[in-house]
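Here is my note on the structure you asked me to look through, set out as numbered points. Please keep the sequence and the 3D view open beside the text as you read.

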Amino acid sequence: MFVGALELDLLLGDVRSLKQKRSVVRPVIAEIRKRFEVAVAEAGHLELHRRALLGVAVVAADGGHVRAVLDACERLVADRPEIELLSAHRRLLGPEDE
């Protein structure tokens, strides 16, 4: 079993309230969930209007599949014109890890 985690630090476009932030972030989260069948949530920068931290997690039998899914999730977010991807950090845990 392999477990992958991806942390995406985002800068949002012209967002002036937490309500506007939700209207940008929620559709992104929903699209990632639906397209890739992964767990995803807003996990940080909750009080900031123009920043968001998304966490994505995936479990699979093959490490290559986990990496491919996390790569696709990162590309989906990076390709959104209203979002600037500031950083992406990933972790992969496999059978040899404790």
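**Notes on the sheet, the helices and a salt-bridge network**

1. A good place to start is one pair of residues, for E7 stands opposite G55 in β3. Please bear in mind throughout that this is a predicted model. Strands β1 and β3 are paired in the antiparallel sense, and ten bridges hold this pairing. As background, the strands of a sheet pair through backbone hydrogen bonds, and they can do so either parallel or antiparallel.

2. Stepping back to the whole sheet, we find that it is open and has four strands, which follow the order β2-β3-β1-β4 with antiparallel pairing. The edges are formed by β2, residues 39-44, and β4, residues 83-93, each of which pairs on one side only. On average, neighbouring strands of this sheet are turned by 20 degrees against each other, if direction is ignored.

3. The pairing of β2 with β3 can be followed residue by residue. Strand β3 covers residues 51-60, and five bridges join β2 to this strand, the two running antiparallel. Among the partners, A39 stands opposite A57 in β3, while G44 has L53 in β3 as its bridge partner. The two strands form a hairpin with six residues between them, and in the turn H45 has a positive phi of about 55 degrees.

4. Two helices should be viewed together with the sheet. Helix α1, residues 18-36, lies across β1 (2-12), β2, β3 and β4, and runs at about 150 degrees to β2. Helix α2, residues 63-78, also packs on the sheet, where it touches β1, β3 and β4, and its direction makes about 10 degrees with that of β1.

5. Turning to charged side chains, the structure holds eight salt bridges. In general, side chains of opposite charge can pair when their charged atoms come close. One of these salt bridges joins R35 to E31, with the closest N and O atoms 2.9 Å apart. Because R35 and E31 are four residues apart in helix α1, they are separated by about one helical turn.

6. Which residue does R80 reach when it links distant parts of the chain? R80 forms a salt bridge with E31, the closest N and O atoms being 2.7 Å apart. This pair lies 49 residues apart, since R80 is in the loop between α2 and β4, whereas E31 is in helix α1. R80 also forms a salt bridge with E82, and here the closest N and O atoms are 2.9 Å apart. Taken together, E31, R35, R80 and E82 are linked in a network of salt bridges.

7. Are the members of this network buried or exposed? R35 is exposed, with a relative accessible area of 53%, whereas R80 has 19% relative accessibility and so counts as buried, the cut-off for buried being under 20%. Their acidic partners are both partly exposed, E31 with a relative accessible area of 26% and E82 with 28%.

Note on methods: Residues numbered from 1 in each chain as written. Predicted model: local features only at pLDDT ≥ 70, side-chain atom pairs only at ≥ 80, totals over all residues. Heavy atoms only, no water. Pairing = 2+ DSSP bridges. Axes fitted to C-alpha atoms, helices over the stretch in contact; angles between N-to-C directions. Contact = heavy atoms within 4.5 Å. Salt bridge = Lys/Arg side-chain N within 4 Å of Asp/Glu carboxyl O. Buried < 20%, exposed > 50% of the residue type's maximum accessible area, 1.4 Å probe, protein only.
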